[in-house]
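Student: Could you show me how to read a strand in a model, from its burial down to one side chain?
Tutor: Gladly; let us look at it together.

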Amino acid sequence: MPRRGEGPIDLPHPGDTDGVAKSDAKHELKGLVKELADQQERLYADHHHAVLVILQGMDASGKDGTVRHVLSGVNPQGVHVHSFKEPTPLEHAEDFLWRVHDAVPPKGCIGVFNRSHYEDVLVVRVHDLVPERVWRPRFRAINDFERMLTESGVVILKFFLHISKEEQAKRFAKRIKDERRHWKFSAADLRERELWDSYREAYADVLRECSTDWAPWHVVPADHKWYRSLVVARHLAKALKDLDLHYPAVPEE
Ligand code: ATP
Ligand code: MG
């Protein structure tokens with residue numbers, strides 16, 4: 001990712017697979033899922049760090065699917081998944097990070113944010129829910145907040161699941177046709193799709209303004225679900241490995 005405040009950003013193609021074959025990806029993912037289960041146990045035993053995975057992307061970009069495929073092997077007690085919806089009246093009455101801070105995983109756990117505080121500079125901006133003088137300073141507030149979390153032992157991994165508009169259309173069509181997927185679709189999704197370009201612009205600013213040394217964004221080509229899951233799993237496994245977690249020594253007695 002470019003440094004903060006720098007020029008236009010170069011996104012990978014949503015259909016990228018970096019030359020990886022689907023069968024190889026599935027095999028590698030299987031191994032990574034096992035590795036993640038083992039690493040999560042160490043994370044819990046060590047109890048000094050938490051890992052926070054932030055998933056953002058347009059509707060049908062695969063946020064739910066990523067949770068299902070990447071974290072399927074991890075002890076459910078060690079994973080906290082939190083989906084951020086429209087703020088309740090109570091949440092509205094507080095600052096925008098209030099509900100977010102409360103959902104940060106405790107030490108020893110992996111937390112997943114399905115949508116996040118970034119909605120407060122995305123949907124809020126695109127729909128003009130607050131003026132620019134309110135949402136613009138949030139980039140700085142977010143960077144400060146994430147720095148504070150990092151300094152408190154939270155490792156933050158942010159993934160933008162990057163799908164093409166064509167792939168979204170295909171996934172919507174599937175949701176409309178297949179009665180088992182129908183519930184996932186709402187007319188609101190179509191209205192959001194019409195705002196694709198505004199979201200693009202808002203996401204570009206998020207990636208530019210909030211890619212920090214302590215919490216960088218990873219742009220994940222997400223048109224191929226198997227590749228998307230592989231990329232996220234690789235980053236997560238690497239982050240856990242880099243923590244060099246060990247089981248605590250058994251006391252003498
Ligand atoms: P699915 O893919 O299953 O539909 P979803 O994340 O889209 O999952 P929904 O209940 O459809 O879940 O949508 C949640 C909605 O809440 C989104 O439209 C999102 O933009 C909105 N939202 C989340 N945070 C905020 C916020 N801070 N302010 C306004 N709207 C928000
Ligand atoms: Mg939705």
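Tutor: What follows takes one strand and then one of its residues. This is a predicted model, where local features need pLDDT of at least 70, side-chain atom pairs count only at pLDDT 80 or more, and totals for chains, interfaces and linings use all residues. Residues are numbered from 1 along each chain as its sequence is written, and side-chain values use heavy atoms, with hydrogens and water left out.

Student: How many residues of strand β3 are buried?
Tutor: Buried means under 20% relative accessible area (1.4 Å probe, protein chains only), and strands are DSSP runs of E, at least two residues, numbered from the N terminus. In β3 (residues 110-114), 5 of the 5 residues are buried, so the rest of the structure largely encloses this strand.

Student: Which way do the residues of β3 point?
Tutor: In a regular strand the side chains alternate between the two faces of the sheet. Here Ile110, Val112 and Asn114 point one way, while Gly111 and Phe113 point the other way.

Student: Which strands run parallel to β3?
Tutor: Two strands pair if DSSP finds at least two bridges between them. β1 (residues 50-57) pairs with β3 in the parallel sense over 5 bridges, and β2 (residues 79-83) is joined to β3, also parallel, by 5 bridges. Gly111 stands opposite Leu52 and is the bridge partner of His80.

Student: What does the side chain of Asn114 meet?
Tutor: A polar contact is a pair of N or O atoms within 3.5 Å; within protein, one must be able to donate a hydrogen and the other to accept it, and residues adjacent in sequence count only if both atoms are side-chain atoms. Asn114 makes one of 2.8 Å with the side chain of Asp64, and Asn114 is buried at a relative accessible area of 9%.

Definitions and conventions: Chains are lettered from A and ligands numbered from 1 in the order in which they are written. Buried means under 20% relative accessible area, exposed over 50%, partly exposed in between (1.4 Å probe, protein chains only). Helices (H or I, at least four residues) and strands (E, at least two) are DSSP runs, numbered from the N terminus.
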